[in-house]
Amino acid sequence: MTDIEIILINDFSSDNTLSIINELQKYDNRIKIIENREKFGKNIGTLYSRSIGVLEAKGKYILNLDGDDLFFDSDVFDTVYNEAENDNLDIVSFMNVQGVRYFINIFHMKDGFDEKFPDNYIVHQPELAYYTMFFNDNFKNVDSSIWGKLIRTEVYKKALEFLGVERYSLYSVANEDLIGLFSICNVAQSYKFIRKYGLFHFIDEKAPAFKISEEHSIQMDIFFSEILLDLSKNEYKKFSVLFLIYSKKKDYFSSNSEKIKFGLNRILKKIFKSEYISQYYKEILINEFTGLGLNLSFNN
């Protein structure tokens with residue numbers, strides 16, 4: 001695969017990354033650099049940076065790669081491209097190997113793949129958005145990374161349009177893959193998983209995503225619950241309720257933060273006004289969240 005463009009989003013790097021990229025551009029005109037420093041004057045985070053790159057993309061398909069990961073099998077590009085073309089697929093997902101470095105600097109490899117995921121199985125709407133992430137309404141992470149997937153560019157851009165700039169411009173170091181992929185899967189019509197390794201995913205437990213505050217983690221859970229509610233097909237809006245309850249079981253929703261209470265009240269108000277969420281689920285919410293100083297008296 002040589003007829004490609006390589007779009008690099010430099011989100012305020014503090015080392016010599018930019019000089020290396022500029023040097024590479026002299027030898028490879030497929031490389032395009034986008035400087036967040038020039039446009040925003042600050043670090044804008046992964047979700048927004050990815051979105052900027054996607055909106056600039058001109059190719060038929062997109063593959064995302066994070067700054068600390070790498071592709072290790074060049075054949076994977078031909079494989080996923082041919083799968084997408086032959087079966088007219090919007091998303092083709094492949095396997096990854098994970099390298100994990102713990103706080104005590106022990107590094108080991110593991111298979112970044114859930115064996116429950118069936119081989120060469122094609123999923124269509126309306127189940128697509130949920131099948132790729134959730135089993136049995138318990139929000140077990142199955143394949144919710146946005147990297148390690150070939151995504152049709154037209155679908156990706158439409159998903160960003162639905163998600164909205166006011167959402168993906170929020171700085172976040174948690175849940176950005178879940179938010180991004182869920183939005184894409186609500187637009188895509190077909191998804192296929194193939195059992196082929198092609199990406200090395202590096203997990204550093206010293207990274208910012210492992211150091212976020214409890215309050216920020218709560219805000220991201222609330223944020224994703226609202227995304228679930230706003231973007232879900234009508235019959236699946238119940239997932240916003242189930243995700244809130246799932247999050248609450250982490251025992252940190254007792255926070256007295258007014259910002260958190262404001263966010264919770266906002267999503268609860270939307271849920272209670274939704275005609276697509278049954279009274280059964282609304283009563284579950286009342287039982288779960290009574291006593292936290294929230295407004296649970298919204299009119300249906």
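Let me start with F12, in the loop between strand 1, residues 6-10, and helix 1, residues 17-25. This is a predicted model, so please keep that in mind throughout. F12 has a phi near 65°, which is a positive value in a residue other than glycine. For context, most residues other than glycine have a negative phi. As for solvent, F12 counts as partly exposed, at 28% relative accessibility.

There is another residue to put beside that one. N88 has a phi near 55°, again positive and again not a glycine. N88 sits in the loop between helix 4, residues 75-87, and strand 5, residues 91-101. Is N88 buried or exposed? N88 is exposed, because its relative accessible area is 56% and the cut-off for exposed is over 50%.

Staying with the surface, there is a nonpolar patch of about 270 Å². Which residues make this patch? They are L70, F72 and Y197. Of these, F72 lies in the loop between strand 4, residues 70-71, and helix 4. F72 counts as partly exposed, at 42% relative accessibility.

Now the aromatic rings. How many aromatic pairs does the structure hold? It holds seven. One of them is Y61 with Y81: the ring centres are 5.8 Å apart and the planes are at 90°, so the pair is edge-to-face. This pair links distant parts of the chain, with Y61 in strand 3, residues 61-63, and Y81 in helix 4, 20 residues apart. Y61 counts as buried at 14% relative accessibility, while Y81 counts as partly exposed at 28%.

A further pair is Y236 with F239. Here the ring centres are 5.9 Å apart and the planes are at 40°, so the pair is tilted. Y236 is buried, at 15% relative accessibility, and F239 is buried too, at 5%. Both values fall under the 20% cut-off, so both residues count as buried. Ring pairs also join F182, F224 and F243 into a cluster.

F182 brings me to the next residue, S232. Where does S232 lie? S232 is in the loop between helix 9, residues 214-231, and helix 10, residues 238-248. Although S232 is in a loop, S232 is buried, with a relative accessible area of 5%. Leaving aside residues up to four places away in sequence, S232 touches Y130, F182, N186, I227 and K237. So what does the side chain of S232 have for a polar neighbour? A polar atom of that side chain lies 2.3 Å from the backbone oxygen of L228.

Last, a glycine. G263 is found in helix 11, residues 258-273. G263 is buried, with a relative accessible area of 7%. How far apart are G263 and E226 in sequence, and how far in space? They are 37 residues apart in sequence and 9.3 Å apart in space, taken from C-alpha to C-alpha.

To recap, there were two loop residues with positive phi, F12 and N88. Then came the nonpolar patch of L70, F72 and Y197. After that we had the ring pairs, including the edge-to-face pair of Y61 and Y81 and the tilted pair of Y236 and F239. We closed on two buried residues, S232 and G263.

Terms used:
Residues are numbered from 1 along each chain as its sequence is written. This is a predicted model: local features need pLDDT of at least 70, side-chain atom pairs count only at pLDDT 80 or more; totals for chains, interfaces and linings use all residues. Side-chain values use heavy atoms; hydrogens and water are left out. Helices (H or I, at least four residues) and strands (E, at least two) are DSSP runs, numbered from the N terminus. Buried means under 20% relative accessible area, exposed over 50%, partly exposed in between (1.4 Å probe, protein chains only). A polar contact is a pair of N or O atoms within 3.5 Å; within protein, one must be able to donate a hydrogen and the other to accept it, and residues adjacent in sequence count only if both atoms are side-chain atoms. Contact means heavy atoms within 4.5 Å. Patches are made of residues with over 30% relative accessible area and no salt bridge: like charges are joined within 9 Å, nonpolar side chains (Val, Leu, Ile, Met, Phe, Trp, Tyr) within 5 Å. Accessible areas come from the Shrake-Rupley method with a 1.4 Å probe; for residues, only the protein chains shown count as cover. A salt bridge is a side-chain nitrogen of Lys or Arg within 4 Å of a carboxyl oxygen of Asp or Glu. Rings of Phe, Tyr and Trp (its six-membered ring) pair if their centres lie within 6.5 Å; planes under 30 degrees apart count as stacked, over 60 as edge-to-face and the rest as tilted.
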